[in-house]
Each structure stands twice: as C-alpha cells, then as structure tokens.
Amino acid sequence: MPDKTFLSWPFFDDRHRALAQAIEEWTTANLPVDNKDVAAVCRALVQKLGRDGFLKHTAPDPDAPSPLDVRALCLIRETLARHDGLADFAFAMQGLGAGPISLFGNAAQRRLLERTRAGEAIAAFALTEQKSGSDVANIALSARRDRDAYILDGEKTWISNGGSADFYVVFARTGEAPGAKGLSAFIVPANVAGFSIAEHLEVIAPHPLARLRFDGVRVPASALIGAPGDGFKIAMATLDIFRATVGAAALGFARRALDETIARTKTRELFGGPLADLQMVQAHIADMAVDVDAAALLVYRAAWAKGNGAARVTREAAMAKLFATERAQNVIDKAVQLHGGDGVRRGHIVERLYREIRALRIYEGASEVQKVVIARQTLAGA
Ligand SMILES: Cc1cc2nc3c(=O)[nH]c(=O)nc-3n(C[C@H](O)[C@H](O)[C@H](O)COP(=O)(O)OP(=O)(O)OC[C@H]3O[C@@H](n4cnc5c(N)ncnc54)[C@H](O)[C@@H]3O)c2cc1C
C-alpha cells in the first residue's frame, strides 16, 4: 500500500485529495498496459484518459481559461508513473505538447485544446535539434516569412510522440536577433506537405520518439504563437511548468521502487529471518524513504508556489526536477540491489523502473543544466 500521508500536507486542497483518489482508482482499473506497440498503446491511453476527464488538467478550457493547476498535473503524473511509465508519458505529453498554446495561444489557437483535452488529438513539443539539445539558443531550423505564411526548413530530433502526434509545436529561427531572441513557435499539423518522419528512435524504455524533417513546410502566419522572437520565452515558460511534473513522475517511479522493496524484504527469508531484519538493509530502506519524502516536498513546493500566483517558478521547478530525478535513480538502484537476481530480470517491475527513470535525468534540461539554472537564480537573489 503506497504511502498517502503526503496528501495531508498543506500544499493541497480537498479537490487535490479527491483527484488523487480518482486517478488511483482509474489506474487500478486500467493499468498496467501491454506495451508491445507503443504508438498504438499511447493513442489508446490518450483516448481513455480524455474520455474519463483526466486530460482536462493538461490544458485550460478554451471557453473559460484558467491557469494550469500544477499540483493536479503532479498528482496525476506521480500516480500514473507508480503504475505504468507509458501511461505517465501519454498524459504528460498532452500537457507539454499543448503547453505553449495553453500559455501563449490566442483564442483561435486555443480551440485546438478542446481536442487535446478530449483525447482526440495528440500533441508534441518540438524543440531539440541535433546541435541544440541543452544549447536551446542554437536552434537552426528556419522559418522564413513569405507573404501571409512561414516556410519551415530543417530537422528536429528526440521528439516524443514523433510519428504519433496530430500536431507539433515547433520552435524555429525567424531571425529577429541572434541567438535566443531570434526564435519563434509555430503550430504545425502532422499532415502538412513537406513534413515527414526521418527516423523512429528506439530507447531503453520504449515510447514513440522520432527525428522529424521539414522540407519547405508552409504554415499560415496564424500558426505563429505569440509574437515573432517570443519562441525562447515561450519554451522556457512551458518548461517552468512541466519540469516540476517530470520530478513528480520520478517520484512515482521511486515510490513504486520503495513499495516493491518493502514487500520483498519483509517476505524474503535469509539467514533465518526476513531480509528486512538486517540492519544494513534497513539503512538502505531509510535512505530510500528519506529520498522519496524529500523529493515529494520539493515537487509539491514548486507546484504549490505556481498555484499560489508565482509568475515564474524557475528555481523551484529546477530544484524539484534535479533532486527528484537524481534521487529516484538512487532509490531504484537500491531496489534492484535488494531484489538480488530478480532485480535485473527482464520484465521484473524494478528492472522496468531502472530503465524508465534514466531518460528523466536528461530530457527537459539535463541535471547539469538544472544546476546551472539553480546557481544563476541563487546568485542573482543573493
Ligand atoms: C526519451 C527522450 C525524450 C525526449 N523528448 C523530447 C521532446 O518531446 N521534445 C524535445 O524537444 N526534446 C526531447 N528530448 C530531447 C532532450 O530534451 C535532449 O536530449 C536534452 O535536452 C539534452 O540534449 P542532447 O541530447 O542534445 O545532449 P547535449 O546537449 O549534447 O548534452 C549532453 C550532456 O552534456 C551535459 N551538459 C549539457 N549542458 C551542460 C552544462 N551547461 N554544463 C555541464 N554539463 C552539461 C549533460 O550531462 C548532458 O546530458 C527527449 C530526449 C529523450 C532522451
């Protein structure tokens, strides 16, 4: 039985506690999923999550826009991740992919959110390129103005939902200024001429991922989100919100690893008694429990701060992502260790968690990038 005492922390309102219970019941009824065909499974998960009302938390209602509730996003991600990494992925990408529209889209663009919230359209966030992963300001994919349109040429890579998405928010160089100030964001439908999937990418914890090609892709000027040159600001503000939720997913993986380890060490008999009676094992379990609670405090502190009107939570979100992902890796490694041979057996839950957690320390800003952000913010505030 997972620890739910954190729900009584002052970060949450009653509606969050009700949501936590609802998503827990949903996961029990619908997860885990057979993830042989990840693209098909993700589409089905998005449809189900939309049908059952959970995707409404990933984007504002176009008719009554209100800010995204980061606590709700984090609670849902934590719970889904505890049960199934692919379900967390399907949910999270609806939020991240639609994020720039949720935050900066005009009324017409926001109509698209009706479809992402209902699970009828899959969203993707296309920022990374071969030469601009951590170095976002180095984006080369170009968007050239041509009368009432823009023409996009170049490539994006490592794009989640690549090949599955119905539309991509693409960050491109429009050249208003050098570096970060010369980027803009566009909504690009997947069925537009000149757009193609150059390569499907396989990773240690499978999910839909691709390299995208743009050959003279023409989109109307109305596809531009915000103003020309706003692209970097839009990307960073979106990541500000969703970085804390990456921490929440890591927390879900860590909690599951701790739960599995408690169950295992209490029942595994060794040297005449349960493994859990050995003090060196207890030391591991204590470290894991502290990491889980400390990660939860940082994740829900960032989420609460955003929910309480902070314009930006850059420092808090970076701390939450850095700590929760790094410590989850540690918690899961200890879980594998305490499971012995079973821990590395293909298909075992802790083996799966060991693969699932790894990419979270790299995407949406690698751990080193989070440290740079935290240090800059801390020094600036001193
Ligand atoms: C599973 C997965 C899903 C992804 N999904 C998406 C997506 O949906 N959309 C999208 O746009 N991108 C996505 N990405 C891309 C991801 O955001 C990039 O991989 C990430 O930003 C790192 O960029 P890079 O791979 O080019 O590594 P690089 O930028 O080459 O960095 C390599 C390593 O260098 C180190 N490093 C980087 N900067 C610094 C620094 N300032 N100081 C010290 N060390 C540093 C870090 O250890 C880093 O991991 C995804 C990646 C993965 C693995």
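Two strands pair if DSSP finds at least two bridges between them. In this predicted model, strand β6 (residues 195–200) pairs with β7 over five bridges. The sense of this pairing is antiparallel. One of its bridges links S196 to R213, a residue of β7. Strand β7 (residues 209–220) also runs antiparallel to strand β3 (residues 149–160). Nine bridges join β3 and β7. Among the bridge partners here are K156 and, in β7, L212.

The largest nonpolar core has 116 residues. L152, F171, V188, F214 and Y300 touch the most other members. Helix α7 gives the most to this core, with 16 residues. L152 can be followed through its contacts, leaving out residues up to four places away in sequence. On that count, L152 touches L141, S142, A143 and V170. L152 also touches V188 and F214. The other contacts of L152 are D215, G216, V217 and V219.

Helix α10 (349–358) has several buried residues. These are I349, V350, E351, L353, E356 and I357. The buried residues of α10 pack against α4, α7 and α9 (314–338). In general, an α-helix has 3.6 residues a turn, so residues three or four places apart point the same way.

The second largest pocket has a volume of about 520 Å³. Its lining consists of 26 residues, and those closest to the centre of the pocket are P60, S66, P67, L68 and D69. Four elements give two or more residues each to this lining: α1 (14–30), α4 (85–104), α7 (231–267) and α8 (279–307). By type, the lining of the second largest pocket divides into 12 nonpolar, five polar and nine charged residues.

Backbone geometry was examined next. Most residues other than glycine have a negative phi, and most peptide bonds are trans. A cis peptide bond joins L31 and P32. Omega is about 0° at this bond. P32 is found in the loop between α1 and α2 (38–51).

F271 has a positive phi, near 50°, and is a residue other than glycine. F271 has its place in the loop between β9 (269–270) and β10 (273–274). Is F271 buried or exposed? The relative accessible area of F271 is 77%, so this residue is exposed. The cut-off for exposed is over 50%.

E364 is not a glycine either, and its phi is positive at about 50°. E364 is found in the loop between α10 and α11 (367–381). Relative accessibility is 15% for E364, which therefore counts as buried. The cut-off for buried is under 20%.

Another loop residue is K181, found between β4 (167–173) and β5 (183–189). K181 counts as exposed because its relative accessibility is 63%. Which residues does K181 touch, not counting residues up to four places away in sequence? On that count, K181 touches E176 and G229. K181 and L379 are 198 residues apart in sequence. In space, K181 and L379 are 23 Å apart, C-alpha to C-alpha.

Key. Residues numbered from 1 in each chain as written. Predicted model: local features only at pLDDT ≥ 70, side-chain atom pairs only at ≥ 80, totals over all residues. Heavy atoms only, no water. 1 Å grid on protein atoms, 1.4 Å probe; cavity = no way out; pocket = protein on both sides within 12 Å on 5 of 7 lines; lining within 4 Å. Points joined across faces, edges and corners; volume = space filled by probe spheres on them. Nonpolar A, V, L, I, M, F, W, Y, C, P; charged D, E, K, R; others polar. Buried < 20%, exposed > 50% of the residue type's maximum accessible area, 1.4 Å probe, protein only. Core = buried A, V, L, I, M, F, W, Y, C linked by side-chain atoms within 4.5 Å. Contact = heavy atoms within 4.5 Å.
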